[in-house]
Amino acid sequence: MRFDIVTLFPEMLRGPFAASIVSRAVDRGIAEIELHDLRQWGHGKHRKVDDAPFGGGAGMVMQPEPLFAAVESIPGQAEARTVLLTPQGRLLTQAVVDELAAVPHLLLLCGHYEGVDERVREHLADDEISIGDYVLSGGEPAAIVLVDAIVRRLPGALGSEASLDEESHTGGLLEYPQYTRPAEYRGWPIPDILLSGHHKDVQTWRRRQSLLRTARRRPDLLRAALASDGAVSDADRRWLEEELETKLEEL
Ligand code: ADE
């Protein structure tokens with residue numbers, strides 16, 4: 001999968017992409033990431049890319065020409081999905097990540113300052129993504145988040161494909177608690193079931209912990225899982241209602 005990222009601050013992205021899963025995926029040829037410094041397409045001696053807003057007001061707005069020129073210089077851009085990172089975009093969820101992971105070529109535009117000229121949204125971007133309901137100083141941290149979340153979904157990017165498999169099995173639920181050695185630490189033992197060697201019982205315990213944790217911490221996610229066909233079995237439902245001492249409709 002190919003990523004082209006247009007940014008005023010390429011140095012913000014280099015470090016994060018040079019470590020861990022993303023860097024390994026690049027080394028293996030699973031992902032290709034190219035950074036494009038927007039200044040290159042700025043005008044005048046100062047390579048200006050922004051100007052004051054028409055109609056007045058504080059702050060600066062990113063001008064359309066440098067962004068259009070940068071995008072139009074990128075090979076294959078016409079077939080790529082161009083995504084503007086902005087707090088006004090659709091909220092990034094695992095479902096959106098999986099949707100974007102199926103796109104062979106993404107072109108990410110990192111906004112800055114007070115905003116981006118509206119014509120960029122209307123005529124250059126195909127999509128707008130927000131990584132959460134808060135305002136960052138620019139789209140760069142959002143691009144790092146988005147690339148990381150997508151790359152780990154690409155086949156071969158994780159050490160063992162089983163890790164992904166297990167994650168997807170949780171189907172919109174939070175992960176169950178994990179433990180490793182030592183079996184007792186500062187007097188805190190791990191749950192006995194994990195030492196039992198009964199694979200099937202361990203699976204059931206994990207599944208139930210996932211359900212319980214999701215019900216307590218993220219009832220919104222549990223409601224979505226309950227509404228999606230086959231995600232939560234009747235047995236799961238009965239167990240959860242007993243454990244919570246409440247009907248799931250009342251969550
Ligand atoms: N740029 C500024 N804030 C942002 C956010 N929350 N998501 C994506 N891009 C942004």
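This passage describes the strands, helix contacts and selected side chains of a predicted model.

The model contains an open sheet built from five strands, which follow one another in the order β2-β1-β6-β5-β8 and pair in parallel fashion. The edges of this sheet are occupied by β2 (32-37) and β8 (127-130), each of which pairs on one side only. When direction is ignored, neighbouring strands of the sheet are turned by 30° against each other on average. Within the sheet order, β6 and β5 stand side by side, and the connection between strand β5 (residues 81-91) and strand β6 (residues 105-110) consists of five bridges, with the two strands running parallel. A bridge partner can be named for Val83, namely Leu108 in β6.

An open sheet of three strands is also present, with the order β3-β4-β7 and with mixed pairing. Its edges are formed by β3 (50-51) and β7, and because each of these has a single partner strand, one side of each is left without a neighbour in the sheet. Strand β3 is joined to strand β4 (residues 61-62) by two bridges, and these two strands run antiparallel. Here Asp51 is placed opposite Val61, a residue of β4.

Val61 appears again in the surroundings of Asp117, since residues touched by Asp117 are Val61, Met62 and Pro64, when residues up to four places away in sequence are not counted. Asp117 itself lies in the loop that connects β7 (115-116) with α5 (118-123). The relative accessibility of Asp117 is 14%, and because values under 20% count as buried, this residue is classed as buried.

Two helix contacts may be described in turn. Two packed helices are described by the angle between their axes and by the distance between the axes. For helix α4 (residues 94-101) and helix α6 (residues 140-151), the axes come within 9 Å and cross at roughly 75°. Angles of 65 to 115 degrees count as roughly perpendicular, and α4 is therefore roughly perpendicular to α6. On the side of α4 the contact involves Val97, Leu100 and Ala101, while α6 contributes Leu146, Ala149 and Ile150. Sorted by class, the residues of this contact between α4 and α6 are six nonpolar, no polar and no charged.

In the second case, the axes of helix α8 (residues 199-217) and helix α9 (residues 219-227) come within 5 Å, and they cross at roughly 125°. The two helices α8 and α9 are therefore oblique to each other. The contact is formed by Leu211, Thr214, Ala215, Arg216 and Arg217 from α8, together with Pro219, Leu221 and Leu222 from α9. The residues in this contact of α8 with α9 comprise five nonpolar, one polar and two charged.

Finally, the aromatic side chains may be considered. A pair of aromatic rings is described by the distance of the centres and the angle of the planes. One aromatic pair is found in the structure. This pair is made by Tyr185 and Trp188, whose ring centres are 6.0 Å apart and whose planes stand at 55°, so that the pair is classed as tilted. With a relative accessibility of 45%, Tyr185 counts as partly exposed, whereas Trp188, at 55% relative accessibility, counts as exposed.

Conventions: Residues are numbered from 1 along each chain as its sequence is written. This is a predicted model: local features need pLDDT of at least 70, side-chain atom pairs count only at pLDDT 80 or more; totals for chains, interfaces and linings use all residues. Side-chain values use heavy atoms; hydrogens and water are left out. Axes are lines fitted to C-alpha atoms, for helices over the stretch in contact, and angles run from 0 to 180 degrees between N-to-C directions. Helices (H or I, at least four residues) and strands (E, at least two) are DSSP runs, numbered from the N terminus. Angles under 35 degrees count as roughly parallel, over 145 as roughly antiparallel, 65 to 115 as roughly perpendicular and the rest as oblique. Contact means heavy atoms within 4.5 Å. Ala, Val, Leu, Ile, Met, Phe, Trp, Tyr, Cys and Pro count as nonpolar, Asp, Glu, Lys and Arg as charged, and the others, Gly among them, as polar. Two strands pair if DSSP finds at least two bridges between them. Rings of Phe, Tyr and Trp (its six-membered ring) pair if their centres lie within 6.5 Å; planes under 30 degrees apart count as stacked, over 60 as edge-to-face and the rest as tilted. Buried means under 20% relative accessible area, exposed over 50%, partly exposed in between (1.4 Å probe, protein chains only).
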